[in-house]
Each structure stands twice: as structure tokens, then as C-alpha cells.
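Open the structure in your viewer and keep the selection tool at hand. The stops below are meant to be taken in order, each with something to select and something to look for.

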Amino acid sequence: MTRLRLSDHLILICGVIFMVAPVLIALITSTHDAITIYKSGLQFLPGGQMLENYETVLFRAGGFTKEVNGLVMMKNSLILGLGFAIGKIVISMLAAYAIVYFRFPMATFCFWVIFCTLLLPLEVRILPSYEIVQSLGLTNTYTGLIVPLIASATGTFFFRQFFMSVPDELLEAARIDGAGPWKFFIDILVPLSKTMVAAIFIIMFVYGWNQYLWPTLITTDEALFTLVRGIKQIMQVWVGAQIPALNEAMALAILAMLPPVIVVVIFQSWFIKGLVESDK
């Protein structure tokens with residue numbers, strides 16, 4: 001029995017090392033100067049330029065316009081992540097509420113039409129999406145950055161399943177008390193859905209925060225560059241004999257990991273309940 005427990009712990013430790021080692025190596029490498037990294041590759045011992053490197057990527061203006069720094073890109077990523085997550089939750093809850101509680105013809109068919117949009121990821125519909133955003137004059141705006149990403153069936157599916165598990169007695173009690181559809185939604189369904197909202201929020205925030213393709217296509221103004229795109233920009237700056245700022249790229253990569261990790265740590269208990277809780 002002891003030997004079995006030891007093997008279980010060894011497997012778990014190996015899994016932790018496998019997951020954490022790349023992040024740790026990136027963190028250590030970000031404490032060195034660009035020349036050392038360019039000559040020797042990834043570093044496994046801490047260097048002496050950690051504060052200097054992180055101060056540079058956060059506060060020093062760079063890019064072609066020399067007006068963008070890490071804080072600006074982090075703000076843009078935060079707006080994209082929060083806007084995407086909140087917009088997705090609002091649209092998905094309203095769509096699921098209409099499908100479950102409003103008895104209109106072909107409601108089930110409408111849901112499956114919405115659900116089929118899962119077969120059309122952003123990469124498939126990116127050209128028509130771009131044409132629509134451009135025709136509306138929303139390029140290089142937060143609206144054009146966020147709104148086209150909101151419409152999908154992921155959140156609608158989860159909220160529909162949740163609403164279907166809510167007892168019908170609650171709806172009947174609300175009707176007896178004189179609550180209309182909007183009051184029932186706001187005062188009863190929304191509070192009951194807080195764990196599901198937390199779970200969807202984490203998934204969508206991380207997805208929106210890590211978006212690269214759509215922000216690259218829809219924004220040409222450096223003031224709207226996201227943090228993930230900023231890493232790519234640093235790697236592209238290699239003119240003549242200039243050494244690429246690999247230390248700054250590593251530092252930005254570490255900074256890009258922090259907000260999703262913080263969100264997951266804060267909402268992890270609600271996240272687990274939202275995914276596995278079945279008794280309402």
C-alpha cells in the first residue's frame with residue numbers, strides 16, 4: 001500500500017514538473033540580458049537583470065510610434081478579456097432564458113441552429129467577420145475587437161442545461177407572487193446561476209485574453225495592441241545586427257500568464273461547482 005502511494009505521488013510530482021518547468025525556465029531566462037540569451041539559449045540559473053527587464057517592458061515606450069508600453073498592452077488585453085467574458089455571459093444567458101422559458105415554435109430547432117455554430121470557429125468565419133467589421137468602420141476600435149467574438153453557442157449550451165435543471169416550482173411561485181419574466185430572470189435565475197457564471201467567466205476570460213489572430217487582423221493601431229500580440233512584435237524587431245530582445249519577450253510572456261492565473265485562483269471554487277454541481 002505504501003509503495004502504491006509512493007508511485008501515485010511520483011506520478012503527480014512528474015506531472016507538476018512537466019507543467020511548471022517551462023514557466024519556471026521562462027521566468028529565469030527573463031532575468032538575463034538579451035546577449036546572454038542569444039548566445040547561450042534558455043537559462044537555468046537566475047540572472048541579475050530581473051527588475052530592469054520588467055521595468056523596461058512595463059514602462060518604457062516602444063514600437064514604431066514609441067508610444068506603447070507593457071501597461072498599455074495589458075490594459076487592452078484586460079478590456080478584451082473582460083469585454084468578451086461579460087458580453088458572452090449576458091448574450092448566452094438571455095438566449096438560454098428565451099429558449100427554455102418562452103414557449104415559441106421551433107425553440108429546440110433554434111437552439112440546435114445556435115449549437116451548430118460551434119462547428120464554425122473564428123478561423124473559418126474570419127474573412128466575412130472582418131468584412132462586416134470593416135464595412136461598419138469598427139476597425140481599430142474596442143467594439144470591433146470584442147463584439148464579433150461574442151456570438152457563439154458555448155455559453156448558451158451551458159446556461160440552457162442549467163436553466164432546464166431549475167425546478168418548475170420556482171417559476172410557478174414567481175408567477176403567484178406577480179413576478180414578470182424580467183423580474184424572475186434578474187431576482188431568481190441570475191442569483192442561482194452565480195457558480196455557472198463564474199465557470200463561464202473563467203473560460204471566456206482566458207480565451208479572450210489569449211486571442212492573437214483576431215486582434216492582429218482587426219487592429220493596426222499600436223495603441224490597441226494586446227499583450228499577446230506585443231510578444232510577437234518584440235520577436236519581429238530584428239533589423240541588421242540588432243539582437244532580438246528575447247529577455248523582454250520572456251518577461252512579457254510571464255506577465256501575460258499572471259491575470260488568467262489570478263482569475264482562476266480567485267474563482268476556482270466557484271469554477272469547480274459550476275462545472276460539477278448538479279443539485280440545484
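## Starting from one tryptophan

Select Trp-270, which lies in helix α14, the helix that runs over residues 246–276. Bear in mind from this stop onward that you are looking at a predicted model. Trp-270 is partly exposed, with a relative accessible area of 35%. If you now show its surroundings, leaving aside residues up to four places away in sequence, you will find that Trp-270 touches Lys-194, Thr-195 and Ala-198. Take Ala-198 from that group and draw a line between the two C-alpha atoms: Trp-270 and Ala-198 are 5.9 Å apart in space, although 72 residues separate them in sequence.

## Stepping back to the whole chain

Clear the selection and show the protein as a cartoon, where the secondary structure comes to 14 helices and zero strands. The C-alpha trace spans about 75 × 65 × 30 Å along its principal axes. If you colour by burial, the buried residues should make up 38% of the 280 residues. Among contacts between residues at least 6 apart in sequence, 72% join residues that are at least 24 apart.

## Helix α8 and its two partners

Next select α8 (residues 154–164) together with α5 (residues 107–115), whose axes come within 9 Å and cross at roughly 140°. At that angle α5 and α8 are therefore oblique to each other, and their crossing is left-handed. To see the contact itself, show the side chains of Phe-111, Ile-114 and Phe-115 on α5, and of Thr-156, Phe-157 and Arg-160 on α8. Sorted by class, this contact of α5 with α8 holds four nonpolar residues, one polar and one charged.

Keep α8 on screen and add α11 (residues 194–209), which packs against α8 at an angle of about 165°, with the two axes 11 Å apart. Because angles over 145 degrees count as roughly antiparallel, that description applies to α8 and α11. In this pair, α8 passes α11 in a right-handed crossing. Here the residues to show are Thr-154, Gly-155, Phe-158, Phe-159 and Phe-162 in α8, which meet Met-196, Val-197, Ile-200 and Met-204 in α11. The contact of α8 with α11 divides into seven nonpolar residues, two polar and no charged.

## Into the nonpolar core

Which residues have the most contacts inside the largest nonpolar core? Select Tyr-101, Phe-159, Phe-163, Leu-189 and Trp-214, which hold that place in a core of 52 residues. The helix that gives the most to this core is α4, with 10 residues. Centre the view on Phe-163 and, again leaving out residues up to four places away in sequence, look for the residues that Phe-163 touches, namely Met-93, Ala-96, Tyr-97, Val-100, Tyr-101, Leu-189 and Ser-193.

## A loop and the helix after it

Move on to Asn-140, in the loop between α6 and α7. Most residues other than glycine have a negative phi, whereas Asn-140, which is not a glycine, has a positive phi of about 60°. Asn-140 is partly exposed, with a relative accessible area of 28%.

For the last stop, select α7 (residues 142–150) and highlight its buried residues, which are Gly-144, Leu-145, Ile-146, Pro-148, Leu-149 and Ile-150. What covers these buried residues of α7 includes α4 (70–101), α6 (126–135) and α12 (213–218), so add those helices to the view as well.

Key
Residues numbered from 1 in each chain as written. Predicted model: local features only at pLDDT ≥ 70, side-chain atom pairs only at ≥ 80, totals over all residues. Heavy atoms only, no water. Axes fitted to C-alpha atoms, helices over the stretch in contact; angles between N-to-C directions. Helix = DSSP H or I, 4+ residues; strand = E, 2+ residues; numbered from the N terminus. Parallel < 35°, antiparallel > 145°, perpendicular 65-115°, else oblique. Left-handed = near helix turned anticlockwise from the far one by under 90°. Contact = heavy atoms within 4.5 Å. Nonpolar A, V, L, I, M, F, W, Y, C, P; charged D, E, K, R; others polar. Buried < 20%, exposed > 50% of the residue type's maximum accessible area, 1.4 Å probe, protein only. Core = buried A, V, L, I, M, F, W, Y, C linked by side-chain atoms within 4.5 Å.
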